[in-house]
Amino acid sequence: MFRYKHITLICGHYGSGKTNVALNMAMDLKKQHGNTALADLDIVNPYFRTADSRQMLESLGIRLICSDYAASNVDLPSLPQDIYAITELKEMKTVIDIGGDDRGALALGRLRDAIKTEGDYDMFIVVNRYRPLTRGAEQTVDVIREIEQACGIAATGLINNSNLGEATTIQTVADSIKYAEEISSLSGLPVVMTTLDEKLFSECSETVPGLFPLKLQDKII
């Protein structure tokens, strides 16, 4: 069972799959902790990219914190009005989906000091071997450092979310383990989990360490 801190920050390169990871982690957190929220602080693409899951989140009792322009056609950089509830409500645990790369990470500025002062957080970087700009470990570490500098918070771990979408196989995941380990070695960050489609979980749960099954959403951007 994965143990969550007060705040779990999910960052990563565009196309890494961090939104789907954040959504699944919020659902997993809800099973452990009653008062749970999922926040989208993406000001690069200012809408809740998993808006199709809003009803599901509400049915599970997961609070959604997102821009007022979520699921609209309005293209304005906007942060949620209730953003400060993330740090002020100590009884609520939150998973935060941070915008892609360093530009998106800048949005975390308003919460940075409160998060660092409390010190009860994890910031995980989602990495994906099969995306064009992060195929190599050194390239990926450069992205990690850019994100850390932009948000002013040090990463605490890596999430290996290497996949090929619907074409993902057990071998696809297995082949990415060395890549994740190389990033870990270069960055000094531990690999906290490797994700994969829940449909493949039972087939490789004993061969790939630290697996986290994902319920894939139909419309993830």
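Start by selecting strand β2, residues 36-40, together with β4: the two pair in the parallel sense over 5 bridges. Keep in mind as you go that this is a predicted model. To see one contact of this pairing, pick Ala37, whose bridge partner in β4 is Thr94.

Now stay on Thr94 and add strand β1, residues 7-12. β1 and β4 run parallel as well, joined by 4 bridges. Here Ile7 is the residue that stands opposite Thr94. With Ala37 and Ile7 both shown, you have a bridge partner of Thr94 in β2 and the residue facing Thr94 from β1.

Next, colour β4 itself, residues 93-97, by accessibility. Is this strand enclosed or open? Of its 5 residues, 4 are buried, so β4 is largely enclosed by the rest of the structure.

Time for the rings. How many aromatic pairs does a search of the whole structure find? The search gives 2. Select Phe2 and Tyr4 to see an edge-to-face pair, with 4.9 Å centre to centre and 75 degrees between the planes. Both Phe2 and Tyr4 are buried.

Keep Phe2 selected and bring in Phe124: these two rings are also edge-to-face, at 5.8 Å centre to centre with 70 degrees between the planes. Phe2 sits in the segment before β1, while Phe124 belongs to strand β5 (residues 121-127), so this pair ties together parts that are 122 residues apart in sequence. Phe124 is buried, as is Phe2.

For a last view, show Phe2, Tyr4 and Phe124 at once: ring pairs link them into a cluster.

How values were computed: Residues are numbered from 1 along each chain as its sequence is written. This is a predicted model: local features need pLDDT of at least 70, side-chain atom pairs count only at pLDDT 80 or more; totals for chains, interfaces and linings use all residues. Side-chain values use heavy atoms; hydrogens and water are left out. Buried means under 20% relative accessible area, exposed over 50%, partly exposed in between (1.4 Å probe, protein chains only). Two strands pair if DSSP finds at least two bridges between them. Rings of Phe, Tyr and Trp (its six-membered ring) pair if their centres lie within 6.5 Å; planes under 30 degrees apart count as stacked, over 60 as edge-to-face and the rest as tilted.
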